Amino acid sequence: MYNCEAAILYGMKTKAQKKETVKELSQKMPEAEMVIFTAYSHAGEKGLSVAKMRELRKALRALGAEYLVAKKNLIRIAAEQSHLGKLVDVGSFDGSLGVVVGPKEGDSAALSKNVYDFSKANPVFKVFGAILEQKYLNADSFNELAKLPSKEVLLGRVVGMMQYPLTGLVN
């Protein structure tokens with residue numbers, strides 16, 4: 001017999017709560033420009049502390065993104081319902097999963113850099129990959145994207161390169 005009080009006490013979700021989680025994820029994932037799949041805990045290891053999780057969520061909120069935590073099966077169902085299931089195999093990820101959902105018109109380079117920096121500072125936090133503009137990036141491709149300089153830095157370099165020959169000519 002299913003005891004609702006025991007489910008609440010031990011952190012188990014009811015069927016209605018699980019459906020609501022899947023509905024929320026399946027609505028937010030296709031609207032996002034970037035969806036990042038992460039693990040915040042691994043079997044047999046201590047996961048992220050509540051303070052670190054709060055720090056991550058605060059940093060992501062500043063960029064217009066959010067961090068959602070759900071069971072692997074619920075994330076898989078939501079990915080399939082939002083037609084992202086063919087891009088990513090959520091079942092192949094290990095550990096406790098979380099999903100970073102970026103804003104529709106957000107800066108995906110800044111978001112990836114923020115998540116990458118957080119993963120470097122917290123070794124238990126692992127990035128499995130991301131979906132960017134309907135294309136899957138594995139962890140290595142995601143890390144390369146995160147290491148790229150910002151748009152402003154690249155524009156500054158271009159302007160500097162264009163000014164260099166003119167400065168040389170004047171001198």
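Start your tour by selecting Phe37 and Val99: Val99, in strand E3, is the bridge partner of Phe37. Keep in mind as you look around that this is a predicted model.

Now widen the selection to strand E1, residues 34-41. E1 and E3 run antiparallel, with six bridges joining them.

Next, keep Val99 on screen and add Leu68, which stands opposite Val99 in E3. Select residues 66-69 to bring up strand E2, which is joined to E3 by four bridges and also runs antiparallel to E3.

Then show E3 itself, residues 96-101. Is this strand enclosed or open? Five of its six residues are buried, so E3 is largely enclosed by the rest of the structure. While you have a strand in view, here is something to look for: in a regular strand the side chains alternate between the two faces of the sheet.

Move on to helix H5 by selecting residues 108-121. Its 14 residues should span 20 Å at 1.5 Å a residue, and the C-alpha atoms at its ends are indeed 20 Å apart.

Color Ser108, Leu111, Ser112, Val115, Tyr116, Phe118 and Ser119, the buried residues of H5. Turn the view to look down the helix axis: these buried residues fall within an arc of 160°, so they line one face of the helix. On the other side of H5, pick out Lys120 and Ala121, which are exposed.

What do the buried residues of H5 pack against? Show E1, helix H3 (50-62), E3, strand E4 (126-132) and helix H6 (139-147) to see their packing partners. That brings you back to E1 and E3, where the tour began.

Methods: Residues are numbered from 1 along each chain as its sequence is written. This is a predicted model: local features need pLDDT of at least 70, side-chain atom pairs count only at pLDDT 80 or more; totals for chains, interfaces and linings use all residues. Side-chain values use heavy atoms; hydrogens and water are left out. Buried means under 20% relative accessible area, exposed over 50%, partly exposed in between (1.4 Å probe, protein chains only). Helices (H or I, at least four residues) and strands (E, at least two) are DSSP runs, numbered from the N terminus. Two strands pair if DSSP finds at least two bridges between them. The expected span of a helix is 1.5 Å times one less than its number of residues. The arc is that of the directions from the helix axis to the C-beta atoms. Contact means heavy atoms within 4.5 Å.
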